[in-house]
Structures are given as C-alpha cells and as structure tokens.
Amino acid sequence: MAEQESSTFVEQAPVQDRDLLQRLSLYFDAVDSRLRQGQGWFIFNARAGRSHRIADFIKYRLGEHTPPVSHYVMPWRDFALSAYVHEVGLPELAPTAHAAPDDGKAKREFDLATRVTDATYSTMLSTELLVLVGLKPTARHEALFLDRTIDGRYQQRLPTILLTPDMPQQLEAGFESVDPSRACWDRLFGRMYETSLVAL
C-alpha cells in the first residue's frame, strides 16, 4: 500500500522531478542503511514549488517508516532566524541581561530565549536526519551558523539533506558575498560532496 502511494506521488510530479523522486525513493527504501553511512543529499535548483514537493515527499516517506526516524525539516527562514538570535541577538543582549537582577524581566526573557535557541540547535545537531529547505544565506552569521551545524553533524556522521533554489555556482557566489574568505563554502561543499548524493 505504502509503495503504491509512493509511486503515485512520483507519477503525479512534473516530469523534471520524477527522476529525483525515484532516486529519493531508492534512498528511503534503504534509509536505515543510509543513516548508518551518514549519507544525505545536496539538492540544487529547488525553487519554491519544487522544494515543497520534495520536502513533502521526504516527510511522507519518513512518516511511513517503522520504527520512526527522528528528523527535523526546517525552512531556511526559521534557520536564518535561529542563526540571528544565536549569533547576533543573544550576544548583544548578554551584557544587559547579566547585569539585571536575577528575578528581573530582562534576565527571565534572556534565559528563555537562550533555552529555546539552545534546544533548537541541539535538535539540529542530534536528530538522525536534518532537512534544510530553501538554503540561501544572505548574511555572514547565517553562513557561520550553518558551518557549525554541518560540522557538528559531520563529526557525528549524521546525514543532512540540503535543498537550495540556486545552482552550484550561484550558491557559491552567494556564500562568497557574505564570507569573502570562502571558508564556510569550501567546508560546506567539501563535506556535503563527501557524504551526500547530489541532484540538480
């Protein structure tokens, strides 16, 4: 039944997506083995409509797996917000919050924001499969936060699926515009290329 529903999902997709969804089907048919190998995906040219179809298919296949696979499907806007809070917002507020009384509103709000941010980051680092949808950094703190996230998962051999609206050269140029040192792009591309299947 599940196999039939998965096939229907593929058949109803636009022609240009069918090959990718078939490849993803093979991946999820052996997802336990893929997870043990730390094998993810780097999917380029996944603009809004296409990225939603792919993300929905991934969620569908993960949802039907038994036993459940721990996963986190995160839109880029949510990742970018976490990056801002983690890298910019909290560090800027820290001196004021630490100077405030322990029972003060500013200290309580800072502690709550820190707990929420740390919990989100911990989930991104520890979930069996992280899926980031719409990868497109527009600020240095986003590239740095992504670099740390991918590095943390790489060190644990945990797979990541990245979907970006850009082609490789466009994404590279976007990274270079926010990180002229190219360190973030070189590490990201190197680690994803080493551990992931690639689709255009």
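**Reading burial and contacts in a predicted model**

Mentor: In this predicted model, the side chains of His 65 and Asp 32 form a polar contact at 3.4 Å.

Trainee: Where does His 65 lie?

Mentor: His 65 is placed in the loop that connects helix H4 (48-63) to strand E2 (71-75). Apart from neighbours within four places in sequence, His 65 is in contact with Val 31 and Asp 32.

Trainee: Does His 65 count as buried or exposed, and why?

Mentor: Buried means under 20% relative accessible area. His 65 has 17% relative accessibility and therefore counts as buried.

Trainee: How should one read the nonpolar core, and which residues have the most contacts inside the largest one?

Mentor: In soluble globular proteins, nonpolar side chains tend to be buried together. Here the largest nonpolar core comprises 25 residues, and those with the most contacts inside it are Phe 42, Phe 79, Leu 132, Leu 146, Leu 162, Phe 175 and Leu 188. Two or more residues come from each of several elements, including helix H5 (76-99), strand E3 (129-133) and helix H9 (183-195). A second, separate core has 22 residues, among them Leu 20, Phe 28, Ile 43 and Leu 129.

Trainee: What does Phe 42 touch, beyond residues up to four places away in sequence?

Mentor: Its partners include Leu 162, Leu 188, Phe 189 and Val 198.

Trainee: Which residues make the nonpolar surface patch?

Mentor: Phe 189, Tyr 193, Val 198 and Leu 200 make a patch of about 390 Å². Phe 189 belongs to helix H9; because its relative accessibility is 31%, Phe 189 counts as partly exposed.

Methods: Residues are numbered from 1 along each chain as its sequence is written. This is a predicted model: local features need pLDDT of at least 70, side-chain atom pairs count only at pLDDT 80 or more; totals for chains, interfaces and linings use all residues. Side-chain values use heavy atoms; hydrogens and water are left out. A nonpolar core is a set of buried Ala, Val, Leu, Ile, Met, Phe, Trp, Tyr and Cys residues joined through side-chain atoms within 4.5 Å. Buried means under 20% relative accessible area, exposed over 50%, partly exposed in between (1.4 Å probe, protein chains only). Helices (H or I, at least four residues) and strands (E, at least two) are DSSP runs, numbered from the N terminus. Contact means heavy atoms within 4.5 Å. Patches are made of residues with over 30% relative accessible area and no salt bridge: like charges are joined within 9 Å, nonpolar side chains (Val, Leu, Ile, Met, Phe, Trp, Tyr) within 5 Å. Accessible areas come from the Shrake-Rupley method with a 1.4 Å probe; for residues, only the protein chains shown count as cover. A salt bridge is a side-chain nitrogen of Lys or Arg within 4 Å of a carboxyl oxygen of Asp or Glu. A polar contact is a pair of N or O atoms within 3.5 Å; within protein, one must be able to donate a hydrogen and the other to accept it, and residues adjacent in sequence count only if both atoms are side-chain atoms.
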